[in-house]
Amino acid sequence: MIVRQTESLFYTLLNNEWMGSSSGETVQIYSPDDHEVVGEVPALSQEEVAVAIQKTADAQELWAAKEVYERSALLHRWAEELEKMTDEIGEMIHKEVGKTFSAGKSEVERTAQLIRYTAEEGLRTHGSFIQGDAFPGATKKTKAIVQKVPHGVVLAISPFNYPVNLAASKIAPALITGNTVIFKPATQGAISGLLMIKALVKAGLPEGVVNVVTGRGSVIGDFIVSHPLINMITFTGGTATGQHIAKKASMIPVVLELGGKDSAIVLEDADLNKAAKEIVSGALSYSGQRCTAIKRVMVVNSVADELIEKVKELVSKLTVGKSHEDASVTPLIDQKSADFVTSLIEDAQTKGATVVLEGIKEKNLLGPTLLDHVTEEMAVAWEEQFGPVLPFIRVENELEAIALEKRNQYGLQASVFTRNLENAFAISDKLNVGTVQVNGKTSRGPDHFPFLGVKNSGQGVQGIGRSIDSMLRDKMLVLNL
Ligand code: NAP
Ligand code: G3P
């Protein structure tokens with residue numbers, strides 16, 4: 001099974017054959033750590049993408065006709081093969097997207113568990129039966145079988161920050177339900193995605209059931225998204241890209257998991273030690289490059305000084321450096337992202353924010369920066385920074401925090417820190433987000449929990465069971481006896 005043509009070029013998978021683009025064109029992938037070329041992947045042309053989509057469509061009927069337990073068995077084998085490649089793929093995730101090696105391995109292990117759970121959950125997805133006589137005028141002679149059938153060809157598009165987990169969380173539910181898949185990995189992370197698919201091929205993937213299209217989303221994206229043979233799109237990535245895709249894709253179901261500006265609301269009666277610990281790991285793990293990262297803190301005045309001091313103390317102990325040095329805060333995915341974070345810090349300073357802790361700035365490696373006295377006029381109060389800067393907004397009370405949250409364009413998650421659970425429920429009722437975490441950081445998972453964003457954070461629901469549902473549609477069979 002040749003996956004590489006040369007030391008650096010990784011083939012893509014078309015109809016169970018590993019191949020390059022006929023033009024020989026490739027996209028190079030650079031390491032966020034040392035800006036060296038990690039490898040390259042084929043830059044497919046629209047013609048080659050069209051062939052891949054056609055092959056995926058051709059394979060769908062046969063795949064859907066397979067018994068569910070056979071599809072489930074393939075997923076179980078995939079999880080096993082993936083686990084055997086934990087070090088290899090963990091290493092590539094580390095090189096490609098700048099996670100530490102251990103975080104890369106954890107992502108692979110988490111993904112194997114997700115695939116296993118999907119293989120089991122998919123066995124328990126059923127249709128329903130409805131009798132006609134519940135509606136006035138209809139009789140028992142009218143009986144309906146509500147079947148659950150696959151959409152057909154699913155386009156799965158993943159982001160850079162979870163090149164394996166947020167790809168498999170789409171591909172596994174699509175496969176178990178009888179869909180075939182066109183997989184468009186993020187360019188930064190594409191090799192990790194290809195190695196994940198290598199494990200699936202080793203597990204016995206039938207020809208054409210999954211095809212991988214590599215190349216820049218800005219080049220081939222629109223062509224794929226608007227292709228008539230695509231029956232469903234599941235996308236995770238930035239809000240602007242997601243909105244663009246939603247406009248391009250017509251008349252098909254589209255699930256979007258987009259950006260976030262998750263707030264931590266800290267009340268007077270909160271356990272401040274716990275809040276500080278959760279805020280630091282929630283805001284700075286993977287240098288803040290998580291859609292669910294805590295991206296602003298709204299703290300009531302009476303405990304603001306104490307909380308910020310505790311956060312500062314914890315953050316000062318974090319190591320800043322390269323991911324191969326196993327540092328806690330590591331280089332951002334690229335210079336453009338680092339420049340954006342720096343611009344938010346400068347904007348806030350110009351408008352009067354207090355710099356409690358200033359992080360180093362070495363190319364795309366930024367140390368954590370803590371900003372106090374952040375006001376609504378500052379972009380960092382609203383923009384998704386996707387980096388290690390944490391703004392603190394002081395509020396009079398929870399009503400002010402709720403009012404600010406109402407103006408948040410994003411609606412992924414929020415955290416509320418308080419010892420008063422009744423109040424936590426009351427506040428949660430007023431927050432328009434997908435998930436409210438009480439006394440814990442904002443995060444996706446465990447992976448069988450529903451995961452969703454509202455407003456500019458997305459549409460549709462993920463989380464294993466709900467992802468499986470999103471891959472199916474109703475088909476009615478009505479018996480008129
Ligand atoms: P991105 O720039 O939006 O890219 C996401 C994916 O879309 C990549 O595979 C990209 O390919 C592809 N793409 C780009 N333009 C496209 C087009 N016109 N048509 C089709 N596909 C296209 O996002 P990212 O930088 O990878 O990820 C970071 C963002 O994702 C953040 O905003 C973060 O909040 C969000 N995110 C959300 C969640 C969630 O679950 N809500 C999870 C993770 C990340 P290329 O890489 O080749 O450009
Ligand atoms: O940004 C990825 C998103 O899905 C977050 O996942 O598990 O880091 O909260 P997690």
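The following legends describe close-up views of ligand 1 in a predicted model. Local features need pLDDT of at least 70 and side-chain atom pairs count only at pLDDT 80 or more, whereas totals for chains, interfaces and linings use all residues. Residues are numbered from 1 along each chain as its sequence is written, chains are lettered from A and ligands numbered from 1 in the order written, and side-chain values use heavy atoms, without hydrogens or water.

**View 1. Residues around ligand 1.** Ligand 1 is surrounded by 31 residues (a heavy atom within 4 Å). Ser158, Thr187, Thr241, Leu258 and Glu384 come nearest. By class, this shell holds 13 nonpolar, 13 polar and 5 charged residues, with Gly counted as polar and Asp, Glu, Lys and Arg as charged.

**View 2. Polar contacts of ligand 1.** The contacts shown are pairs of N or O atoms within 3.5 Å. A polar side-chain atom of Glu384 is 2.6 Å from an oxygen atom of the ligand, and an N or O atom in the side chain of Thr241 lies 2.7 Å from a ligand oxygen atom. Asp222 places a polar side-chain atom 3.2 Å from a nitrogen atom of ligand 1. The protein covers 86% of the 910 Å² of accessible area that ligand 1 has on its own (Shrake-Rupley method, 1.4 Å probe).

**View 3. Elements and domains in the shell.** Two or more residues each come from α7 (217-225), β10 (232-236) and α8 (239-248), where helices are DSSP runs (H or I) of at least four residues and strands (E) of at least two. The largest contribution, 5 residues, is that of α7. Domain 1 (12-258 + 459-480) and domain 2 (262-447) each supply at least three shell residues, with bounds from an automatic or database domain assignment.

Key: A polar contact is a pair of N or O atoms within 3.5 Å; within protein, one must be able to donate a hydrogen and the other to accept it, and residues adjacent in sequence count only if both atoms are side-chain atoms.
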